[in-house]
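Reader: I should like to learn how the features of a structural model are to be read. Could we take them in turn, beginning with the strands?

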Number of protein chains: 2
Amino acid sequence: MERKRADIIADQIEELIFDGSFADGERLDETQLAARFSVSRTPIREALQRLALSGLVDQLPRRGVFVHHPGPVELMNMFEVMAELEASCARFAAQRITEDALAELDAVNGRCSTAVADRDIETYFLENELFHQMLYRNAANPFLEQECLRLQRRLRPFRRMQLRLRGRLSQSMAEHEAVVAAIRAGDGVEAGEVMRAHVAVQGEKFHHLVARLKPAAE
Amino acid sequence: MERKRADIIADQIEELIFDGSFADGERLDETQLAARFSVSRTPIREALQRLALSGLVDQLPRRGVFVHHPGPVELMNMFEVMAELEASCARFAAQRITEDALAELDAVNGRCSTAVADRDIETYFLENELFHQMLYRNAANPFLEQECLRLQRRLRPFRRMQLRLRGRLSQSMAEHEAVVAAIRAGDGVEAGEVMRAHVAVQGEKFHHLVARLKPAAE
DNA sequence: GTCAATGTTTTTGTATACAAGATGGGCATG
DNA sequence: CATGCCCATCTTGTATACAAAAACATTGAC
């Protein structure tokens with residue numbers, strides 16, 4: 001159940017920013033957006049506020065809001081934080097997970113595996129997200145879970161675009177299994193470290209990807 | 001320079017929530033607040049939205065916003081996350097801090113020390129905050145720094161109220177020195193673990209405090 | 001010709017007016 | 001007497017009107 005018009009609009013604008021419909025630094029005109037969504041400026045302003053607090057746009061006082069696409073350095077930073085948070089989740093989960101949840105984790109991991117075998121990137125992406133979310137959940141700390149979900153959502157488009165890198169799928173899969181094994185063994189430290197590496201490598205891979213693209217753009 | 005009226009109001013309402021002027025679960029009436037601050041409902045609504053996204057109030061669709069004081073369990077969760085984030089900061093700082101920044105860290109720690117000697121809780125609280133903020137800074141990850149500052153601010157009132165526990169000041173001081181020593185030695189893992197314990201103990205101490213108060217309230 | 005100052009215009013921030021949903025009480029009915 | 005339904009009222013959500021500040025362009029001076 002959506003709360004109100006402003007929230008639906010916030011999600012839609014967010015989507016437009018994610019899929020690149022708005023260029024980096026572009027000003028988002030309240031009046032234009034109001035016309036586009038057939039509402040008044042009020043809900044638009046509320047939506048933009050939300051996006052500003054999420055960090056998707058920069059809001060300059062009395063100047064307007066400007067879309068803010070994170071650069072490679074900023075992305076590295078965000079992935080680094082994600083890696084730390086997920087490592088914590090894995091470590092906690094190793095101590096706190098229930099037998100049932102562990103079985104579920106196996107099930108999700110299995111579905112990831114078949115997706116890899118089928119070369120079904122889309123399914124893998126979804127099940128992979130679910131896998132990570134289950135770890136957040138089983139850290140048994142709702143606040144931590146929320147923070148993780150927030151960042152996961154924020155980094156979503158960037159994780160997606162680098163799944164196409166050769167060999168990443170099977171590598172990622174192997175890392176998942178190592179995490180589960182460590183959790184099953186109750187080895188929190190190991191689970192945390194494997195998880196940290198698993199997430200951090202994404203940031204690094206992304207960094208390389210951008211580094212490779214940059215010379216071409218110049 | 002504050003951005004606009006709504007932001008000033010947001011800070012003021014936040015302050016009112018922190019210092020307990022609004023009870024847990026109390027509804028914040030937009031019209032009343034508008035009258036209180038001598039503005040229209042518009043900036044009030046913007047302020048309340050900000051608070052909702054910070055988690056200080058719960059916003060129920062078409063029902064209103066209700067102040068949300070975190071309970072003991074929620075606080076434990078938040079302190080746990082804070083401990084994880086600060087541990088990460090310490091670990092990164094051990095690898096990334098400059099000689100100059102390390103000297104500054106020593107200076108702040110020195111001021112903490114004299115505050116302890118003087119039994120000057122207020123000064124200690126301030127310098128202590130600065131100490132932690134310097135670690136966030138020297139993790140050399142602005143995104144991580146921002147997240148830490150956010151949570152630090154959120155937990156501020158709760159850290160404050162438990163500084164009065166006997167012996168906490170000198171214990172805290174010793175932990176600071178252990179962190180600095182580990183960082184100076186470049187031992188990231190050690191710095192992280194000491195830091196984690198240093199922050200986590202606050203959450204636990206708080207938990208005990210509440211547990212002790214609870215029977216009295218019943 | 002260029003730069004600066006001022007007036008115009010556009011755009012953000014705030015106030016008010018209006019609409020729609022939620023709360024609470026009264027009345028009717030079982 | 002209890003319970004459920006309906007209506008009045010209040011509160012939130014949205015639209016519009018107004019104010020103030022910034023961007024822009026035009027014009028004048030050097």
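Author: We begin with a pair of facing residues: A:Asp58 stands opposite A:Phe66 in strand 3 of chain A. This is a predicted model, in which local features need pLDDT of at least 70, side-chain atom pairs count only at pLDDT 80 or more, and totals for chains, interfaces and linings use all residues. Residues are numbered from 1 along each chain as its sequence is written, chains are lettered from A and ligands numbered from 1 in the order in which they are written, and side-chain values use heavy atoms, with hydrogens and water left out.

Reader: In which sense do strand 2 and strand 3 of chain A pair, and over how many bridges?

Author: In general, strands of a sheet pair through backbone hydrogen bonds, either parallel or antiparallel. Strands here are DSSP runs of E with at least two residues, helices are runs of H or I with at least four, and both are numbered from the N terminus. Two strands pair if DSSP finds at least two bridges between them. In chain A, strand 2 and strand 3 (residues 64-67) are antiparallel and share 4 bridges. The open sheet of chain A has 3 strands in the order 1-3-2, with antiparallel pairing. Its edges are strand 1 (27-28) and strand 2 (57-60), each of which pairs on one side only.

Reader: What links strand 2 and strand 3 of chain B?

Author: They form a hairpin with 3 residues between them, and B:Arg62 in the turn has a positive phi of about 60°. The two strands run antiparallel, joined by 4 bridges, and B:Leu60 stands opposite B:Gly64 in strand 3 of chain B.

Reader: Which residues are closest to DNA strand C?

Author: A residue is near a strand if one of its heavy atoms lies within 4 Å of it. Of the 17 residues that surround DNA strand C, the closest are A:Arg27, B:Arg5, B:Ser40, B:Thr42 and B:Arg63. By class, this surface has 12 charged residues (Asp, Glu, Lys and Arg), 2 nonpolar ones (Ala, Val, Leu, Ile, Met, Phe, Trp, Tyr, Cys and Pro) and 3 polar ones (the others, Gly among them).

Reader: Which parts of DNA strand C do the protein atoms approach, bases or sugar and phosphate?

Author: Of the strand's atoms within 4 Å of the protein, 71% belong to sugar or phosphate and the rest to bases. A phosphate oxygen lies 2.6 Å from a backbone N or O atom of B:Ser40, and a phosphate oxygen is 3.0 Å from a polar side-chain atom of A:Arg45. On the base side, an N or O atom in the side chain of A:Arg41 is 2.9 Å from a base nitrogen. Helix 3 (41-54) of chain A and helix 3 (41-54) of chain B are the elements that give two or more residues to this surface.

Reader: Is A:Asn138 buried or exposed?

Author: Buried means under 20% relative accessible area, exposed over 50%, and partly exposed in between (1.4 Å probe, protein chains only). A:Asn138, in helix 6 (residues 121-138) of chain A, counts as buried because its relative accessibility is 12%. Contact means heavy atoms within 4.5 Å. Leaving aside neighbours within four places in sequence, A:Asn138 is in contact with A:Ala93, A:Arg96, A:Ile97 and A:Ala101. By contrast, B:Asp120 is partly exposed, since its relative accessible area is 30%.

Technical notes. A polar contact is a pair of N or O atoms within 3.5 Å; within protein, one must be able to donate a hydrogen and the other to accept it, and residues adjacent in sequence count only if both atoms are side-chain atoms.
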